[in-house]
Amino acid sequence: VEDVVVQKECRGRGVGRQLMNVLTEWSAERGLTRLQLLADRGNQAALDFYRKIGWQTTGLIGLRYLPPIP
C-alpha cells in the first residue's frame, strides 16, 4: 500500500479509516494473509494514524535506486 492521501480539510472525519477498512476487507475476501504499507519516516501524523488502526512497524528498510540521467 502506498500513497494513501486524504486532503487536509477532510482529515479527522474518518475518511482514512474508511479507506483502510475497505482495503483490509477487500484483501481478507481474497484470502490475503499479509499487507504491507509504505509511509514516510518523517510523517509522524500518518505513522500515528496507522498505529492507531492496528498497523505495526517492521524492521524493513525501504531502498530505491535512481540511475544517473545521461
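Visitor: What volume does the largest pocket have?
Guide: Keep in mind that this is a predicted model, where local features need pLDDT of at least 70, side-chain atom pairs count only at pLDDT 80 or more, and totals for chains, interfaces and linings use all residues. Residues are numbered from 1 along each chain as its sequence is written, and side-chain values use heavy atoms, leaving out hydrogens and water. On a 1 Å grid over the protein atoms alone, a pocket is an open set of points where a 1.4 Å probe fits, with protein on both sides within 12 Å along at least five of seven lines. Filling the largest pocket with probe spheres set on its points gives about 1500 Å³.

Visitor: Which residues lining the largest pocket are the closest to its centre?
Guide: Lining residues have an atom within 4 Å of a point. There are 36 of them here, and the closest to the centre are Leu37, Leu38, Ala39, Leu47 and Tyr50.

Visitor: Which helix gives the largest share of that lining?
Guide: Helices are DSSP runs (H or I, at least four residues), numbered from the N terminus. Both α1 and α2 supply at least two lining residues each. The largest share is seven residues, and it comes from α2.

Visitor: Is α1 oblique or parallel to α2?
Guide: The axes, lines fitted to C-alpha atoms over the stretch in contact, come within 11 Å and cross at roughly 55°. Angles under 35 degrees count as roughly parallel, over 145 as roughly antiparallel, 65 to 115 as roughly perpendicular and the rest as oblique, so α1 to α2 is oblique.

Key:
Axes are lines fitted to C-alpha atoms, for helices over the stretch in contact, and angles run from 0 to 180 degrees between N-to-C directions.
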